[in-house]
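Visitor: I have a two-chain model open on my screen. Could you walk me through how the chains meet?

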Amino acid sequence: MMAALTKALKPILGRHLGNTAKVFGAAVNSQRGKPTYTPPPAKYGGRHTVALIPGDGIGPELLNHVRELFRFSCVPVDFEVVHVNSSSTSEDDINNAIMAIRRNGVALKGNIETNHTMPPNHKSRNNLLRTSLDLFANMMHCQSLPGVQTRHKNIDIIIIRENTEGEYSSLEHESVPGVVESLKIITRNNSLRIADYAFKLAREKGRRRVTAVHKANIMKLADGLFLQCCKEVASGYPDIEFDSMIVDNTTMQLVSKPQQFDVMLMPNLYGNVVSNVCAGLVGGPGLVPGANYGRDYAVFETATRNTGKSIANRNIANPTAMLLASCLMLDHLKLHDYANMIRGAILTTMNETRLHTADIGGQGTTSEVVQSIMRIIQSGGPLTTEI
Amino acid sequence: MLKFLIQTVTLIPGDGIGPEISTAVMKIFEAAKAPIQWEERNVTAIKGPGGRWMIPPEAKESMDKNKIGLKGPLKTPIAAGHPSMNLLLRKTFDLYANVRPCVSIEGYKTPYTDVDLVTIRENTEGEYSGIEHLIVDGVVQSIKLITEEASRRIAEYAFEYARNNQRTSVTAVHKANIMRMSDGLFLRKCREVAENYKDVKFTEMYLDTVCLNMVQDPSQFDVLVMPNLYGDILSDLCAGLIGGLGVTPSGNIGAHGVAIFESVHGTAPDIAGKDLANPTALLLSAVMMLRHMGLHGHAKKIETACFDTIREKKVLTKDLGGNSKCSEFTADICRRVQDMD
């Protein structure tokens, strides 16, 4: 009854009375029944606070555009900016960032450069962030976008990648000079966890099939364990079809017939390869947003995590991926109306080929694209500030 | 008229469609008057003294003598108690480099039309070292092994290959941002070897960037060199770009001058013996073998005949989109080769 009342009042109360209706509604529509429950993120006075990590390369300029767009559209989100200096050897910066995310529960970030000529004790900052916050699931939704020319059409794949262990455990040692071992760790707990996440998500989104990608014919124990965990979880979801495919065959199938895939589930490294292949298939790194979910935190970024050093500060980067990532973030904060409004404006702009940026074959600049999105939002009617 | 010395090559027909495609290749070579004499050998695993599995001694002797081999697909029986035959061959002859040139085939349409690259994969260590442990219940560790020696060897082969085949650049594919020590060592060795080959351009690229760019614009890549796992994935990715394993050649280079060229598709037991198989992969591998042996004239002749047949689309096997028999496809290539003389 309460839920019905709130629903009726929503359009009237809407945005003008702040978010009291939404809070009220949220309290009533308790998330207990939802399979992918996470504790509510930071909220004070009706406004959310989100940690913002600009990163390097194109990160800062794209995130500025996000802020500009949010300010323009009166999105009730404030950003706590935390800078991480990628060239410093101390881990203070990244620890501050992690603390900020713990405080706020949600973050939007650019990629932090890793100088791979530094010694091994200088770990990848992005990886540190993911493992410290236990953001175990990386989710990427690859969809063919209208208006973008690609070799393959009608792609709609959700890729779920284990985000904390596997080949990215950063456990290496030089046994004797010239002989290096790198450990790939697979645990039953994390494999069950990610498989569970994948099947729950598949069910939530009404997807038919989950494909596990592995190399268990060669890595019999490690990938064998992963595959076995996936099979165990699959047996609890009889409504969803489960199959598996070896990673090299998967990449071959992806470049010839990507339409056959629905939801794909895999350990860390194969996830890296497959997500980059899929991003390339739908048009490139500038188009696909990514999300990293943990039990308590969520961090949003571009799916392929590129720094884009060569195109930084030249106003040619494609803002689509970062803007869509910010929409994913708005969805996570339950600000669905704002998310849909911005997403709609982005897709409408995408249809205008003269506004395509260089990476998808056009000559538009980043600011032109963002201006167009803001114009569409303004013409859509709701309250906005001046352009 | 140039008289070529007849060289003997060990031929391993393999299982399933292996024998029929090997026969096809032999016929085409005969029609092209290639100076090759075939010595057929079998490689079923046998248990040697000391209980270790090994390939039959006749096969080993033949390979050691001839140094060059051509191999069809071998089946890996499940639960046979012995490791895969391909693994045994690799260990026996220390086949450290797997080379796959991927060139778009005119006449066999794929969404990618301008592919011309070579993947060179380190084939002995890396992620496929086979060293795995169950540490405690529910925790498994798999060891990726990178050694200075193997990395240097594969880098040197890659640059030599680039130089000998007029390729302009070599790109090392790695993930040293995450696997700092292991891929870092691999990269360092590549950089060191690059110093001795200033005529070949050397670049480094992250694995994910390569994948991303490969599916958007494969024409930007030339020779790629990488450790085992990345090589496995990328070489199959590139094979997918040109049309799959049924048309992709492959060569394995070993120590002491041994080289085994093979088709990398499966044994296709469902069409074995029915004259339906496509011999293109084995044929192109044999052409790669001719080039390796310096017989460029014959290689070009056979390769052109093969591509012409595919381009004409008159006698294609089922997997290429036609409905001709293997023997008809082979006969067409033989006819073209003979017409070229």
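Visitor: Which residue of β9(B) is the bridge partner of I185(A)?

Guide: Happy to start there, bearing in mind that this is a predicted model. β8(A) and β9(B), residues 139-147 of chain B, pair in the antiparallel sense over 9 bridges. For I185(A), the partner in β9(B) is Q141(B).

Visitor: Which elements of chain A each supply at least two residues of the side that touches chain B?

Guide: Let's take the polar links across the interface before the elements: 23 residue pairs are in polar contact there. On the chain A side, the elements that each supply at least two residues are β7 (172-176), β8 (179-187), α7 (222-235), α8 (247-256) and α9 (268-282).

Visitor: Which side chains meet in a salt bridge?

Guide: The count between chain A and chain B is 1 salt bridge. Its N to O distance is 2.7 Å. The two side chains belong to D232(B) and K215(A).

Visitor: How much area do chain A and chain B bury between them?

Guide: The size of an interface is often given as the accessible area lost when the parts come together. The contact here takes 57 residues from chain A and 50 residues from chain B. Carbon and sulfur atoms carry 65% of the buried area, and the total is about 4,400 Å².

Visitor: And which residues in chain A lose the most area to chain B?

Guide: By class, the chain A side has 24 nonpolar, 22 polar and 11 charged residues. Three residues together make up 16% of what that side buries. They are H116(A), R151(A) and M252(A).

How values were computed. Residues are numbered from 1 along each chain as its sequence is written. Chains are lettered from A and ligands numbered from 1 in the order in which they are written. This is a predicted model: local features need pLDDT of at least 70, side-chain atom pairs count only at pLDDT 80 or more; totals for chains, interfaces and linings use all residues. Side-chain values use heavy atoms; hydrogens and water are left out. Contact means heavy atoms within 4.5 Å. Buried area is the accessible area (1.4 Å probe) that two parts lose on being put together, summed over both. A salt bridge is a side-chain nitrogen of Lys or Arg within 4 Å of a carboxyl oxygen of Asp or Glu. A polar contact is a pair of N or O atoms within 3.5 Å; within protein, one must be able to donate a hydrogen and the other to accept it, and residues adjacent in sequence count only if both atoms are side-chain atoms. Helices (H or I, at least four residues) and strands (E, at least two) are DSSP runs, numbered from the N terminus. Ala, Val, Leu, Ile, Met, Phe, Trp, Tyr, Cys and Pro count as nonpolar, Asp, Glu, Lys and Arg as charged, and the others, Gly among them, as polar. Two strands pair if DSSP finds at least two bridges between them.
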